[in-house]
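User: Please go through the assignments in this structure and give the criterion behind each one.
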Amino acid sequence: MFNNNQFSDLFNKEKFLIIKKFFNDPEVSFINKIKDQIYNDNFERIENTRFVIKSFDNEILSLAKNKKIVDLVKILLMHQDLSLYMGRILIKDEKSNANITPHQDVAYFHGTPNKLNIFIFITGNSLKNGGLSFAPNTSKYGLMPQGNIPVENFQYNYLCPNLNNNDIIVSDFYTWHWSNKIINSGHKRIIIQLTFQSSECGSYSDLFSINRPVLISGEWKTKNFFSLKESQPSNKDNTPQISDKNLPNIDEIKYTISYL
Ligand SMILES: O=C(O)CCC(=O)C(=O)O
Ligand SMILES: [Fe+2]
């Protein structure tokens with residue numbers, strides 16, 4: 001059994017950690033129930049995407065509140081007060097079997113970039129089954145533009161670990177990852193992604209499951225909540241105008257000191 005320091009020392013080296021046999025049998029049964037429901041719903045998803053349509057709010061919330069997960073996130077994010085930024089289910093099957101090109105999640109979301117991803121592999125993970133590949137230690141390159149990261153221009157190593165449904169992967173929000181097409185015919189791949197952050201940040205993703213701010217541990221350390229949808233770019237010229245009577249009138253004195 002690992003202690004807290006070993007977890008964080010290992011993670012902090014390359015911001016990537018595989019934890020084998022994380023879930024016990026009852027937890028695996030719980031995960032398998034989600035799988036059964038997805039099969040029952042015939043893998044219904046948001047049109048032409050890899051995202052499951054049904055929200056699975058309760059299931060995702062109870063996984064995100066699993067004591068072992070919360071304790072792990074507290075150690076790795078070094079925060080006691082945590083919220084769930086995003087929870088979603090990622091499907092790959094014959095209907096959506098594209099390569100997911102190299103990217104980092106941080107470029108596509110909002111709020112604090114200091115987020116932590118936990119991936120749960122309901123149907124395991126392997127190269128031939130459209131599993132996730134990761135390039136540990138790529139957070140060192142920081143924020144990259146959106147789109148396919150030009151991996152050919154960089155030094156990196158990657159792996160697509162063979163995992164079971166009781167194993168998890170933890171990575172920071174900068175770590176490059178991607179996935180290949182399913183090669184084993186008939187295979188259906190289901191992955192749960194949970195994204196945590198300090199509750200000092202009131203950002204939350206409202207594109208998938210859990211479309212609201214959710215406190216996971218401790219207390220809220222902010223009063224400002226703002227969703228991903230309402231943070232999308234405006235497509236009009238919305239530059240605040242001098243003539244705008246609603247312009248907030250802040251006294252500049254508040255921000256001013258004299259250097260001399
Ligand atoms: O579903 C996949 O294979 C990868 C998905 C992913 O990394 C993403 O949507 O950010
Ligand atoms: Fe991703």
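User: What makes the residues of the shell around ligand 1 nonpolar, polar or charged, and how many are there of each?

Analyst: The shell divides into three nonpolar, two polar and three charged residues. Ala, Val, Leu, Ile, Met, Phe, Trp, Tyr, Cys and Pro count as nonpolar, Asp, Glu, Lys and Arg as charged, and the others, Gly among them, as polar. This is a predicted model, in which local features need pLDDT of at least 70 and side-chain atom pairs count only at pLDDT 80 or more, while totals for chains, interfaces and linings use all residues. Residues are numbered from 1 along each chain as its sequence is written, and chains are lettered from A and ligands numbered from 1 in the order in which they are written.

User: Which residues are around ligand 1?

Analyst: Arg50, Leu90, Lys92, Ile100, Asp105, Leu132, His177 and Ser179. The criterion is a C-beta atom, placed from the backbone, within 6 Å of the molecule. Strands S2 and S7 (176-179) are the elements that give two or more residues to this shell; strands are DSSP runs of E with at least two residues, helices are runs of H or I with at least four, and both are numbered from the N terminus.

User: Why does Lys21 count as exposed?

Analyst: Lys21 has 9 C-beta neighbours inside 10 Å, and therefore counts as exposed. The limits are 12 or fewer other C-beta atoms within 10 Å for exposed, 20 or more for buried, and partly exposed in between, with C-beta atoms placed from the backbone. Lys21 lies in the loop between S1 and helix H2 (25-40) and has a positive phi of about 55°. Most residues other than glycine have a negative phi.

User: Why is Met78 put in the exposed class?

Analyst: Met78 has 11 C-beta neighbours inside 10 Å, so Met78 is exposed. The loop that holds Met78 runs between helix H4 (67-77) and S2, and the phi of Met78 is positive, near 55°.

User: How do you know that S2 and S10 pair?

Analyst: Pairing takes at least two DSSP bridges between two strands. Three bridges join S2 (residues 82-92) to S10, and the two run antiparallel; Val214 in S10 is the bridge partner of Leu84. Both strands belong to an open antiparallel sheet of six, ordered S1-S6-S4-S8-S2-S10.

User: What makes S1 and S10 edge strands?

Analyst: S1 (16-19) and S10 (214-217) each pair on one side only.

User: Which residues does Phe196 touch?

Analyst: Leaving out residues up to four places away in sequence, Phe196 touches Val73, Leu77, Leu82, Leu84, Tyr85, Lys115, Leu116 and Ile216. Contact is defined by C-beta atoms, placed from the backbone, within 7 Å.

How values were computed. Contact = placed C-beta atoms within 7 Å.
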